[in-house]
Amino acid sequence: MRRGRWLVLGCCGLVSSLAAAEPGLAPLVEIHMPSPCLACLDWGSYLADNGFRVSYKETADMAGFKRRMKVPKDVESIHTAVVGGYFVEGHVHAEDIHELLRDKPKARGIAVPGLPRGAPGRELSNPTCETACTMLDTANGERDVRRDLYNTMLVKPDGSTSIWARH
């Protein structure tokens with residue numbers, strides 16, 4: 001009899017985990033961004049392609065929003081997203097966000113500081129663009145992906161940081 005209960009509970013767990021994978025139940029990422037921000041839109045599109053629902057909110061006072069979310073100055077980028085009670089600052093990889101939601105660390109959020117070239121939404125961008133715009137590199141006429149090495153940082157409850165992932 002007990003064995004049957006465990007089998008039923010196991011099947012229920014399998015069904016609920018399959019239901020959680022349905023697109024309608026994907027985590028919602030709410031992206032707060034200045035207007036216009038093409039790289040922010042590119043990042044949101046990348047997240048949608050990688051299992052998230054995405055909404056955009058043009059936010060006139062990004063500095064005020066970052067203060068309310070308690071994003072430390074040294075990890076700031078252009079946009080700030082909210083998902084599952086965490087902030088996601090900058091061009092963070094989808095797998096880093098999935099891992100954050102799966103592991104649920106005690107943290108404020110995760111961040112990719114600045115605007116590293118090659119980060120999601122920044123694959124084809126002009127390194128001199130200070131407004132996070134995405135452009136094709138016309139210097140050589142080819143679609144050239146340029147990359148920087150960078151880290152995704154975990155922001156702990158006290159505001160200190162540690163490396164969450166390396167890219």
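In this predicted model, the buried residues of helix α3, which spans residues 62-69, are M62, G64, F65 and K66. These buried residues pack against three strands, β1, β3 and β4. Just after α3 comes K70, and its phi is positive, near 60 degrees.

K66 deserves a second look, since this lysine counts as buried at 4% relative accessibility. What does K66 pair with? K66 forms a salt bridge with E89, and the closest N and O atoms are 2.5 Å apart. The two partners sit in distant parts of the chain: K66 belongs to helix α3 and E89 to strand β4, with their positions 23 residues apart in sequence. E89 is buried too, because its relative accessibility is 0% and buried means under 20%. As a general rule, side chains of opposite charge can pair when their charged atoms come close.

The structure holds 5 salt bridges, and another of them joins E30 to K57, where the closest N and O atoms are 3.9 Å apart. Here again distant parts of the chain are linked: E30 lies in strand β1, K57 lies in strand β2, and 27 residues separate the two in sequence. E30 is partly exposed, with a relative accessible area of 24%, and K57 is also partly exposed, at 38%. A further salt bridge forms between K73 and E76, with 3.9 Å between the closest N and O atoms. K73 is exposed, as its relative accessible area is 66%, whereas E76 counts as partly exposed at 25%.

E30 is also a handy landmark for the strands around it. Strand β1 (residues 28-33) pairs with strand β2 (residues 53-58) in the parallel sense, over 6 bridges, and E30 stands opposite S55 in β2. β1 also pairs with strand β3 (residues 80-83), this time in the antiparallel sense and over 3 bridges. In that pairing, E30 faces V82 of β3. Helix α2 (residues 38-49) joins in as well: β1, α2 and β2 make up a right-handed β-α-β unit.

Stepping back to the whole chain, the protein has 4 helices and 7 strands. Read along the sequence, their order is α-β-α-β-α-β-β-α-β-β-β. Of the 167 residues, 40% count as buried. Among contacts with a separation of 6 or more, 55% come from residues 24 or more positions apart.

Now for the nonpolar interior. In soluble globular proteins, nonpolar side chains tend to be buried together. The largest nonpolar core here has 27 residues, and the members that touch the most other members are V29, W43, L47, V88, I97 and I110. At least two residues of this core come from each of β1, α2, β3, β4 (86-89), α4 and β7. A second, separate core has 5 residues, including V71, V75, F87 and A111. As for I110, its contacts beyond four places in sequence include F87, V88, E89, D96, L100 and W164.

One of those contacts, D96, is found in helix α4 (residues 94-103). Which side chain of opposite charge is nearest to D96? That would be R102, but it is 9.3 Å away, and D96 is buried yet has no salt bridge. A salt bridge needs the nitrogen and the carboxyl oxygen to be within 4 Å. Leaving aside neighbours within four places in sequence, D96 is in contact with I110, T152, W164, A165 and H167.

The last stop is a hairpin formed by β6 and β7, with 5 residues between the two strands. In the turn, G159 has a positive phi of about 95 degrees. Strand β6 (residues 151-155) runs antiparallel to β7, and 5 bridges join the pair. One of these matches puts M153 across from its bridge partner in β7, I163. Is S162, in strand β7 (residues 161-166), buried or partly exposed? S162 counts as partly exposed, at 23% relative accessibility. Not counting residues up to four places away in sequence, S162 touches T152, M153, L154 and K156. S162 and I110 are 52 residues apart in sequence, while their C-alpha atoms are 9.6 Å apart in space.

How values were computed:
Residues are numbered from 1 along each chain as its sequence is written. This is a predicted model: local features need pLDDT of at least 70, side-chain atom pairs count only at pLDDT 80 or more; totals for chains, interfaces and linings use all residues. Side-chain values use heavy atoms; hydrogens and water are left out. Buried means under 20% relative accessible area, exposed over 50%, partly exposed in between (1.4 Å probe, protein chains only). Lys and Arg count as positive and Asp and Glu as negative; His and the chain ends are not counted. Contact means heavy atoms within 4.5 Å. Two strands pair if DSSP finds at least two bridges between them. A crossover is right-handed if, with the strands pointing away from the viewer, the path from the first strand over the helix to the second runs clockwise. A nonpolar core is a set of buried Ala, Val, Leu, Ile, Met, Phe, Trp, Tyr and Cys residues joined through side-chain atoms within 4.5 Å.
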